[in-house]
Amino acid sequence: MKKVVLIMIFCTVVVATPLFSHAQLNADHSASLELSPQAPLAHTDYSIKVTGTLIGRNSITWFIDGKERPEFKNQNSIKLTAGDLGKSTTLDARVVFADGSVLDARQTIHPTRIDIIVTADTTAPPFYEGRKLPTNGSTITATAHVFTQVGKTEGIYSYLWKVNGKVQNGGALRGKNAISFSSVFDANVQVSVDVLDGNGQLVAQRSIQIPMIKPEVYFYETNPLRGLSNVALPDPDIFIGDEVTLRAETYFMSALSQTADMLAQWSINNIAVPSDAATNNEITLTKQGNGGRSTLSFKVHNIKQLLQNAEQSTIIQF
């Protein structure tokens, strides 16, 4: 059978805590440091820029962890690479203005990691070992886990969630590290989270794309003695015996679907035929004649959730 596995998505981010010091001789001058992105990913490039009054006309000296970096002399913006979890980096920029005024700007970066785990409340047979995938109309849950140099921390933070750019829960909520939502007519859903500390300062941020797939159907042979096979019927399938019972198993339909809302139909060569099971997902085929081939099809849909539908066909040779 076809297996589809949704990989847990995670990444590492860093926290930038601004700390500015000024040796200011002229109140008309100012200097500060600006990160882009605000919470860079660990081991990836980010830029840091000096902003303020008349920065372009003045001398700039850069220091990283207290060591002067002459290769960045007089550059307003420089690119660096974030470090490992728990390894802080201190960035200083000393600006000397034309009138002799001197300003120092500092920013300290504390590497942090945030993992986002995506789960979907969808169906799959008991023998399926993969992850249940999200589909339009199903319930999807995203959970953020934040790791700092002291370990995993969640309750002390507030979380600002967005789904396709729309703020959820009315804004940031303390301890709300998980969110559930559903999607309609989307090929992908963008989910982002900003993690804030008790002072409202950004700790970490992450944005991911969650692909939506279509529900699927596979056919399995079921036998009174051996039970249900966990190997999907091949296409085409060679009908060896005189009779066989097949079950249609759906993957990734919404788990909230009620049986009464589900309509299923079997057909052979586009002619509807009745099934054997009360749930309408089993059919018994009996060999007729000396040989030939037929197309077996199965369709199922939720009459209350039109996006929840699936169908499959296979060739039966006998």
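1. Start with the contacts. Among contacts in the protein between residues at least 6 apart in sequence, 65% join residues at least 24 apart. Keep in mind throughout that this is a predicted model.

2. Next, the overall make-up. The protein has zero helices and 25 strands. Its length is 318 residues, and 42% of them are buried. The accessible surface comes to about 16,800 Å². Carbon and sulfur atoms account for 50% of that surface.

3. With 25 strands to sort out, a sheet is a good place to begin. Strands of a sheet pair through backbone hydrogen bonds, either parallel or antiparallel. One open sheet here has three strands, in the order β2-β3-β6. Its pairing is antiparallel. Strands β2 (31-36) and β6 stand at the edges. Each has a single partner strand, so one side of each is left without a neighbour in the sheet. Neighbouring strands of this sheet are turned by 30° against each other on average, direction ignored.

4. Look at one pairing in that sheet. Strand β3 covers residues 45-52 and runs antiparallel to β6. Five bridges join the two strands. Which residue of β6 does Lys49 stand opposite? The residue is Ser77.

5. A second open sheet has five strands. Their order is β19-β25-β24-β21-β22. The pairing in this sheet is mixed. The edge strands are β19 (237-238) and β22 (271-273). Each of these has a single partner strand, so one side of each lacks a neighbour in the sheet.

6. Within the five-strand sheet, check β24 and β25. Strand β24 spans residues 293-302, and strand β25 spans residues 309-317. The two pair in the antiparallel sense over nine bridges. Ser297 stands opposite Ser313 in β25.

7. Now a loop residue, Asp84. Where does Asp84 sit? Its place is in the loop between β6 (77-81) and β7 (89-96). Asp84 counts as partly exposed, at 40% relative accessibility. Set aside its neighbours within four places in sequence, and Asp84 is in contact with His43 and Pro111.

8. The link from Asp84 to His43 deserves a look. These residues are 41 apart in sequence. In space they are 7.1 Å apart, C-alpha to C-alpha. Their side chains are joined by a polar contact of 2.8 Å.

9. How many salt bridges does the structure hold? There are eight. One of them pairs Asp92 with Arg106, with the closest N and O atoms 2.7 Å apart. Asp92 lies in strand β7 and Arg106 in strand β8, so the pair ties together parts that are 14 residues apart in sequence. Is Asp92 buried or exposed? Asp92 counts as buried, at 12% relative accessibility. Arg106 counts as partly exposed, at 33%.

10. Stay with strand β8. This strand covers residues 102-121 and holds Asp115. Asp115 forms a salt bridge with Arg113, the closest N and O atoms being 3.2 Å apart. The two side chains are also joined by a polar contact of 3.2 Å. Asp115 is buried, with a relative accessible area of 11%. Arg113 is partly exposed, with a relative accessible area of 26%.

11. Another salt bridge joins the side chains of Arg226 and Glu221, at 4.0 Å from N to O. Arg226 is exposed, because its relative accessible area is 64% and the cut-off for exposed is over 50%. Glu221 counts as partly exposed, at 32% relative accessibility.

12. Some salt bridges share partners. Which residues do they join into one network? The network is made of Arg247, Glu249 and Glu282.

13. To recap, the predicted model has zero helices and 25 strands. Two open sheets were covered here: β2-β3-β6, with antiparallel pairing, and β19-β25-β24-β21-β22, with mixed pairing. Side-chain links include the polar contact between Asp84 and His43, and the salt bridge between Asp92 and Arg106.

Key. Residues are numbered from 1 along each chain as its sequence is written. This is a predicted model: local features need pLDDT of at least 70, side-chain atom pairs count only at pLDDT 80 or more; totals for chains, interfaces and linings use all residues. Side-chain values use heavy atoms; hydrogens and water are left out. Two strands pair if DSSP finds at least two bridges between them. Helices (H or I, at least four residues) and strands (E, at least two) are DSSP runs, numbered from the N terminus. Buried means under 20% relative accessible area, exposed over 50%, partly exposed in between (1.4 Å probe, protein chains only). Contact means heavy atoms within 4.5 Å. A polar contact is a pair of N or O atoms within 3.5 Å; within protein, one must be able to donate a hydrogen and the other to accept it, and residues adjacent in sequence count only if both atoms are side-chain atoms. Axes are lines fitted to C-alpha atoms, for helices over the stretch in contact, and angles run from 0 to 180 degrees between N-to-C directions. Accessible areas come from the Shrake-Rupley method with a 1.4 Å probe; for residues, only the protein chains shown count as cover.
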